[in-house]
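Student: I have a new model open and don't know my way around. Can we go through a few points?

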Amino acid sequence: MLTFPAASFLGDRLRLDSRPELDAWRAMPMRALVVANRTVDGAVRQFVTDARPSGVRATAFDPVDIPAAYELDDLTYGILWAVSGFEAALLGDDQTLHTSLASLTVSQGAPIAADQGLTEVSRMLIGSETAARYILGQRDHLGDAPVFWTREQRGEEAATWLFFRHKYRYLERMAPRSPVGTSGRGFCVPETAVAASPAYERVLLFLAIALMESFGIRTWVTDDGGFAHTDGFALAQGRRAVIASWVRTEGASHLAVTARPGALRTFADVTGHVSHHSATAAEQAGQRLAATAEYLGLDASWLGRRCAQLSAVGTERLARPRSRLLGLEGLEAACRFVAEQLVIIPRTRTAPTR
């Protein structure tokens, strides 16, 4: 990360003029960031961008323009933390991971290739893709409005929804077929998990929940730790349940399909209890997002304002992925939805940040 004072701050962007050290930094093949410092109202604020030139005709010798929306705070830091961490692990495993994905076995108890020396992130990706393929294989049997249960509690786990490319495609295919339906997704996020998570991780969890809501899936959040070890599942009420867990499963995905009445009642009881005792219960998506922000100890007004700012300029110049397995579609969709639902008008660049 290379830091310079901004040469100018005009409108909604900062400018860094070309200089030898900056030009050399921008030509580096590895991930690198450029940070501009600017004193606003007596406080030093930092704005960050990917060092690589953007645009077909851009060169490393051009001035660097950084949108004010890229101010470094819990939102942008969380995005950079997740993308850089995921990317380093996936690129480091690229060859072995490619082979593992090509020979992926989607069956009950399928291993997550822990014996091949893969990083935890690569095992997460394989487990996630295994579960996604398994559920998609049962899509036609799950009806128009399946109900889901998921095990993510922390920002690193939840950020997979925002940045793993296959998960966004999965959400597109599993979205409710009717715009007015009863499809929902339950999360177990005990207060202990909230207290143990830094703010930037809680922001990522919030955005993942917002992404679900953007697809028409009502979200429920319970603080009852008794549900923490419930397997992830997709439930077609009264018909069948598809069990598909990969989060915290000790190196193996849990996959199964059941139509046993007892099992269906158990899963229905889980979602029924959580939906009726959700810490974020509300009729409208925007109200649920505001309640989710409050539960996670986040400022809903700040989230709405910052997501609107990011949506206006896009996130590619902030955290452009280098791995083909990562994308920004989920993040972009979540930010747009938060901006729309929380109905916050972006403030000027001199407004104090969180």
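Student: What do the side chains of Glu129 and Arg133 do?
Tutor: In this predicted model, the side chains of Glu129 and Arg133 meet in a salt bridge, at 2.9 Å from N to O. Both residues lie in helix 4 (residues 120–136), 4 residues apart, which is about one turn of the helix.

Student: Is Glu129 buried or exposed?
Tutor: Glu129 counts as buried because its relative accessibility is 13%, under the 20% cut-off. Arg133, at 35%, counts as partly exposed.

Student: How many salt bridges does the structure hold?
Tutor: It holds 12. One of them joins Glu87 and Arg31, at 2.7 Å from N to O. That pair links distant parts of the chain, 56 residues apart: Glu87 is in helix 2 (residues 74–92), and Arg31 is in the loop between helix 1 (20–26) and strand 4 (33–40).

Student: Which residues are linked with Glu87 in a network of salt bridges?
Tutor: Arg31, Asp50, Arg52 and Arg322 are linked with Glu87 in that network.

Student: New topic, the open sheet. What is the order of its strands?
Tutor: The order is 9-8-7-10-11-12, six strands with mixed pairing. Strand 9 (218–222) and strand 12 (254–258) stand at the edges with a single partner strand each, so one side of each has no neighbour in the sheet. The twist averages 15° from one strand to the next.

Student: In which sense does strand 9 pair with strand 8?
Tutor: Parallel, over 5 bridges. Arg185 stands opposite Thr219 in strand 9.

Student: What lies across strand 8 and strand 9?
Tutor: Helix 8 (residues 199–214) does, running at about 145° to strand 9.

Note on methods
Residues are numbered from 1 along each chain as its sequence is written. This is a predicted model: local features need pLDDT of at least 70, side-chain atom pairs count only at pLDDT 80 or more; totals for chains, interfaces and linings use all residues. Side-chain values use heavy atoms; hydrogens and water are left out. Two strands pair if DSSP finds at least two bridges between them. Helices (H or I, at least four residues) and strands (E, at least two) are DSSP runs, numbered from the N terminus. Axes are lines fitted to C-alpha atoms, for helices over the stretch in contact, and angles run from 0 to 180 degrees between N-to-C directions. Contact means heavy atoms within 4.5 Å. A salt bridge is a side-chain nitrogen of Lys or Arg within 4 Å of a carboxyl oxygen of Asp or Glu. Buried means under 20% relative accessible area, exposed over 50%, partly exposed in between (1.4 Å probe, protein chains only).
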